[in-house]
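Work through the cysteine exercises below with the model open. Each task is followed by its solution.

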Amino acid sequence: MEKFGKVLIAALLLMVAISSSLGQRICNMSGEDLMACKPSVTPPSPTPPSARCCSALSRADIRCLCSYRNSKLLPSLGIDPNIASQLPEKCKLPHPAHC
């Protein structure tokens, strides 16, 4: 479960970093959707995930997001992978068998 969370958040944040426009959709999420999740994975005081963040994650293409699991961008984006790994659980999302 922890691995899924790290993969998902890495993918989300990578998409935020490379998206040049908030209107662009990546992995079935808009830039605005991705940004809705960022405060929940950014130290030192992450916020609980918003309803918008959780809703966006529930519609996301998880296989697409998983394809970014080896990204080294998390630290450069100020994202704590340990905090990020908790996001799916906090959103009460089902976890895919393989990611």
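**Exercise 1.** Decide whether Cys54 is buried or exposed in this predicted model.

*Solution.* Start with the relative accessibility of Cys54, which is 16%. The cut-off for buried is under 20%. Cys54 therefore counts as buried.

**Exercise 2.** Find which residue forms a disulfide with Cys54, and place both partners in the chain.

*Solution.* The partner is Cys91; the two sulfur atoms lie 2.0 Å apart. A disulfide requires sulfur atoms within 2.5 Å, so the pair qualifies. Next, locate the ends. Cys54 sits in helix α3, and Cys91 in the segment after α7 (87-90). They are 37 residues apart, so the pair links distant parts of the chain. Now check the partner's exposure. Cys91 has a relative accessible area of 11%, so Cys91 is buried.

**Exercise 3.** Assign the handedness of the Cys54 and Cys91 disulfide.

*Solution.* Take the torsion about the S-S bond: about -75°. The disulfide is therefore left-handed.

**Exercise 4.** How many disulfides does a search of the whole structure find? Describe the one formed by Cys37 and Cys53.

*Solution.* The search finds 2 disulfides. In the link of Cys37 and Cys53, the sulfur atoms are 2.1 Å apart. With 110° about the S-S bond, this link is right-handed. Then trace the chain. Cys37 belongs to helix α2 (residues 31-37) and Cys53 to helix α3 (residues 51-59). The separation is 16 residues, and the pair joins distant parts of the chain. Last, check exposure: both Cys37 and Cys53 are buried.

Note on methods. Residues are numbered from 1 along each chain as its sequence is written. This is a predicted model: local features need pLDDT of at least 70, side-chain atom pairs count only at pLDDT 80 or more; totals for chains, interfaces and linings use all residues. Side-chain values use heavy atoms; hydrogens and water are left out. Helices (H or I, at least four residues) and strands (E, at least two) are DSSP runs, numbered from the N terminus. Buried means under 20% relative accessible area, exposed over 50%, partly exposed in between (1.4 Å probe, protein chains only).
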